[in-house]
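Biologist: I would like to learn how to read a model feature by feature. Could you walk me through one?

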Amino acid sequence: MIKSIDDIRTLLIEAGVKPSHQRMVVAHFLNEHHIHPTVDEIYTALQPMYPTLSRTTVYNTVKLLTDAGCIRALNLDGDSTRYDFDTSPHGHFLCQECGMVFDVPFSNFPPPPEGFDVRSTQLSYKGVCPACLEK
């Protein structure tokens, strides 16, 4: 996992992405906040600290970072796209009560079908998280 701002800068450069200030801010936010946010959630969190940051800039940045393979785009509920800085193989659990998304680690990813060129995979569960079950 990425640890420092210099690691993020290196990741972007190696992916062919110019590490502009806005791109660094968005990537750093995603690295520090493992909440699988939407564009609106990223914008809302960053806008008070970076008042010149626009929602369009955040959208364009996450699209660029996704296309470059620096982050993953998740569509777990059919409504909104969420973003994950962790691009390692893992699944997700969407709580249908509170809306939180949790990482689901697994060690054995099923092999791809014979003869297919798999470019991405997404394993997701939907249900109710333990905290919501206690309520």
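**Salt bridges first**

Modeller: Start with one charged pair. Lys63 and Asp67 form a salt bridge, with their closest N and O atoms 2.9 Å apart. Keep in mind that this is a predicted model.

Biologist: Why are Lys63 and Asp67 separated by about one helical turn?

Modeller: Because they sit four residues apart in helix H4, the spacing comes to about one helical turn. Now add accessibility. Lys63 has 42% relative accessibility and counts as partly exposed. Asp67, at 56%, counts as exposed. The cut-off for exposed is over 50% relative accessible area.

Biologist: How many salt bridges does a search of the whole structure find?

Modeller: Four. One of them joins the side chains of Arg55 and Asp40, at 2.6 Å from N to O. Arg55 belongs to helix H4 and Asp40 to helix H3, residues 39-46. The two are 15 residues apart, and the pair links distant parts of the chain.

Biologist: Are Arg55 and Asp40 buried, exposed or partly exposed?

Modeller: Arg55 is partly exposed, with a relative accessible area of 40%. Asp40 is partly exposed too, also with a value of 40%.

Biologist: Which residues does Arg55 touch, leaving aside those up to four places away in sequence?

Modeller: Val39, Asp40 and Tyr43. So Asp40 appears both in this list and as the salt-bridge partner of Arg55. For scale, take Arg55 and Lys135: they are 80 residues apart in sequence and 35 Å apart in space, C-alpha to C-alpha.

Biologist: Which residue forms a salt bridge with Arg82?

Modeller: Glu41 does, and the closest N and O atoms are 3.9 Å apart. The cut-off for a salt bridge is within 4 Å. Glu41 lies in helix H3 and Arg82 in strand E2, residues 82-84, so this pair ties together parts that are 41 residues apart in sequence. Check accessibility again. Glu41 counts as partly exposed at 36%. Arg82 counts as buried at 10%.

**Helix packing**

Biologist: Next, helices. What describes two packed helices?

Modeller: Two packed helices are described by the angle between their axes and the distance between the axes. Here, take helix H2, residues 21-32, and helix H4, residues 55-67. They pack at an angle of about 75°, and their axes are 10 Å apart. H2 and H4 are therefore roughly perpendicular to each other.

Biologist: Which residues make the contact?

Modeller: H2 brings Gln22, Arg23, Val26 and Ala27. H4 brings Thr57, Val58, Thr61, Val62, Leu64 and Leu65. By type, the residues of this contact are six nonpolar, three polar and one charged.

**The sheet**

Biologist: Now strands. Where do the side chains of a regular strand point?

Modeller: In a regular strand the side chains alternate between the two faces of the sheet. Then read the strand order. In this model an open sheet of three strands runs E4-E3-E5, with mixed pairing. The edge strands are E4 (101-104) and E5 (124-127), and each pairs on one side only. Neighbouring strands of this sheet are turned by 25° against each other on average, direction ignored.

Biologist: Which strands run parallel, and which antiparallel?

Modeller: Strand E3, residues 91-95, runs parallel to E5, and four bridges join them. Use Phe93 as a marker: its bridge partner in E5 is Tyr125. E3 and E4 run antiparallel, also joined by four bridges. There the marker is His92, whose bridge partner in E4 is Asp103.

Biologist: How many residues lie between E3 and E4?

Modeller: Five, and the two strands form a hairpin. Look at Gly99 in the turn: its phi is positive, about 85°.

**The whole chain**

Biologist: Let us zoom out. What does the secondary structure of the protein chain come to?

Modeller: Five helices and five strands. Along the sequence the pattern is α-α-α-α-β-β-β-β-β-α. The C-alpha atoms fill a box of roughly 45 × 40 × 25 Å along the principal axes.

Biologist: What percentage of the residues count as buried?

Modeller: Of the 135 residues, 31%. Finish with contacts along the chain. Among contacts with a separation of 6 or more, residues 24 or more positions apart account for 46%.

Key
Residues are numbered from 1 along each chain as its sequence is written. This is a predicted model: local features need pLDDT of at least 70, side-chain atom pairs count only at pLDDT 80 or more; totals for chains, interfaces and linings use all residues. Side-chain values use heavy atoms; hydrogens and water are left out. Axes are lines fitted to C-alpha atoms, for helices over the stretch in contact, and angles run from 0 to 180 degrees between N-to-C directions. Angles under 35 degrees count as roughly parallel, over 145 as roughly antiparallel, 65 to 115 as roughly perpendicular and the rest as oblique. Contact means heavy atoms within 4.5 Å. Ala, Val, Leu, Ile, Met, Phe, Trp, Tyr, Cys and Pro count as nonpolar, Asp, Glu, Lys and Arg as charged, and the others, Gly among them, as polar. Two strands pair if DSSP finds at least two bridges between them. Buried means under 20% relative accessible area, exposed over 50%, partly exposed in between (1.4 Å probe, protein chains only).
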